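Trainee: I would like to learn how to read a structure one feature at a time. Can we start with the ligand?

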Amino acid sequence: MKVAVVGTGVIGASWATLFLAHGHDVVATDPAPGAEERLVAAVGDRVAFTDDPAAAVADADFVQENGPERLEVKHELLAVLDAATRPEVVIASSSSMLRPTDLARGAPRHPERVLVGHPFNPPHLVPLVEVVPGEGTSTGAVDAAMAFYRSVGRTPLLLRAELPGHLANRLQAALWREAYSLVARGVATVADVDTAITEGPGLRWAALGPITGQHLSGGAGGLAHVLEHLGPGTEALWDDLGTVTMTPELADRLVTQVHDAVGDADASDLLARRDAVITAALDARRFR
Ligand SMILES: NC(=O)c1ccc[n+]([C@@H]2O[C@H](COP(=O)([O-])OP(=O)(O)OC[C@H]3O[C@@H](n4cnc5c(N)ncnc54)[C@H](O)[C@@H]3O)[C@@H](O)[C@H]2O)c1
């Protein structure tokens with residue numbers, strides 16, 4: 001199978017790694033100077049590269065778009081991809097925040113094959129792909145995308161509604177709001193916030209998720225008991241949660257504190273640490 005990877009930044013390069021590892025031919029495209037060299041350095045020389053997005057998708061069987069997250073840029077790009085890709089081929093956008101119905105307006109020839117296939121960084125390791133159909137997306141395109149992502153070892157989750165940020169980023173945004181608010185109030189540092197998650201609920205979330213995990217906190221009574229016993233306290237807490245504005249001062253404080261938190265570790269150390277833990281967690285699940 002030939003997969004086109006359009007845009008080869010952080011996410012595109014990781015998708016290319018995944019598709020190559022599953023034996024697919026990958027044709028990549030990106031207009032940035034030096035993009036080809038960077039991609040080959042990251043994924044090896046089995047990847048084909050062209051400057052011309054129309055040529056990249058001309059005989060592709062699946063298109064994964066990973067260009068900049070701006071609707072007008074995506075529209076310009078999707079128009080080229082839509083014109084050059086065979087009509088039955090899915091065009092999946094990695095977009096984190098944009099709605100597929102809005103994206104599909106950029107593909108007037110065959111909008112029914114446009115959908116969001118939203119990964120989590122890095123997509124070659126993290127299994128979740130949120131598949132989000134727009135108002136005009138065909139069931140054939142949805143089925144093909146779900147089957148394709150499964151075939152490359154991902155866990156596609158078909159969303160029931162298109163919402164800004166899809167599902168998982170809305171959950172992350174809820175947590176970031178309170179985390180940034182606590183840092184803004186000076187009651188926790190970035191290191192405190194990260195320790196509170198990595199040494200605490202983050203481990204449970206990776207195993208069971210936040211709600212099934214809570215089901216176990218109720219002993220024999222399960223979630224029903226937790227909701228009755230601890231639910232009122234949680235509800236009272238909701239009224240106490242912060243809202244936050246990302247002022248330049250707060251952004252500076254977060255950046256300074258994240259540098260304090262990582263100390264001497266450089267980006268490659270952090271990447272190695274992250275990927276080792278993700279890989280170990282995935283391996284542990286395989287033995288379950
Ligand atoms: N970074 C993340 O954690 C993450 C996670 C999931 C999804 N996404 C989504 O993936 C997409 C890409 O994000 P990223 O983080 O890889 O950004 P990035 O800035 O690392 O990469 C974007 C790439 O697009 C290229 N580009 C610019 N114009 C282009 C064009 N006309 N055609 C093709 N490529 C073009 C740029 O040169 C760059 O290499 C966005 O839609 C983003 O929302 C990002």
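Trainee: Which helix gives the most to the shell around the ligand?

Mentor: Keep in mind that this is a predicted model. Helix 1 gives the most to that shell, with 3 residues. Helix 1 and strand 6 each supply at least two residues of it.

Trainee: How many residues surround the ligand, and which are the closest?

Mentor: The ligand is surrounded by 24 residues, and the closest are G7, G9, I11, A32 and S96. By character, the shell divides into 12 polar, 10 nonpolar and 2 charged residues.

Trainee: Now the sheet. In what order do the strands lie?

Mentor: Begin with the general idea: strands of a sheet pair through backbone hydrogen bonds, either parallel or antiparallel. Here 8 strands form an open sheet with mixed pairing, in the order 3-2-1-4-5-6-7-8. Strand 3 (48-50) and strand 8 (155-158) are at the edges; each has a single partner strand, so one side of each lacks a neighbour in the sheet. On average, neighbouring strands are turned by 25° against each other, direction ignored.

Trainee: Which way do strand 1 and strand 2 run, and how many bridges join them?

Mentor: Strand 1 and strand 2 (residues 25-29) run parallel and are joined by 5 bridges. Within this pair, V3 stands opposite V26 in strand 2. Strand 1 is mostly covered, with 4 of its 5 residues buried.

Trainee: What about strand 4 and strand 5: in which sense do they pair?

Mentor: Strand 4 (residues 62-65) pairs with strand 5 (residues 91-93) in the parallel sense, over 3 bridges. V63 has I91 as its bridge partner in strand 5.

Trainee: Which strands does helix 4 lie across?

Mentor: Helix 4 (residues 71-84) lies across strand 1 (2-6), strand 4, strand 5 and strand 6 (114-119). The helix runs at about 160° to strand 5.

Trainee: Last, the core. Which residues of the largest nonpolar core touch the most other members?

Mentor: The general idea is that in soluble globular proteins, nonpolar side chains tend to be buried together. In this model the largest nonpolar core has 42 residues, and A4, A16, V63 and L115 touch the most other members. Helix 1 (residues 10-21) provides the largest share of this core, 6 residues.

Trainee: What is A16 in contact with, leaving aside its neighbours within four places in sequence?

Mentor: With those neighbours left aside, A16 is in contact with V5, T8, V26, A28, L39, V43 and V47. There is also a second, separate core of 5 residues, including A179, Y180, V183 and V190.

Notes. Residues are numbered from 1 along each chain as its sequence is written. This is a predicted model: local features need pLDDT of at least 70, side-chain atom pairs count only at pLDDT 80 or more; totals for chains, interfaces and linings use all residues. A nonpolar core is a set of buried Ala, Val, Leu, Ile, Met, Phe, Trp, Tyr and Cys residues joined through C-beta atoms within 7 Å. A residue is buried if 20 or more other C-beta atoms lie within 10 Å of its own, exposed if 12 or fewer, and partly exposed in between; C-beta atoms are placed from the backbone. Two residues are in contact if their C-beta atoms, placed from the backbone, lie within 7 Å. Two strands pair if DSSP finds at least two bridges between them. Axes are lines fitted to C-alpha atoms, for helices over the stretch in contact, and angles run from 0 to 180 degrees between N-to-C directions. A residue is near a molecule or strand if its C-beta atom, placed from the backbone, lies within 6 Å of it. Ala, Val, Leu, Ile, Met, Phe, Trp, Tyr, Cys and Pro count as nonpolar, Asp, Glu, Lys and Arg as charged, and the others, Gly among them, as polar.
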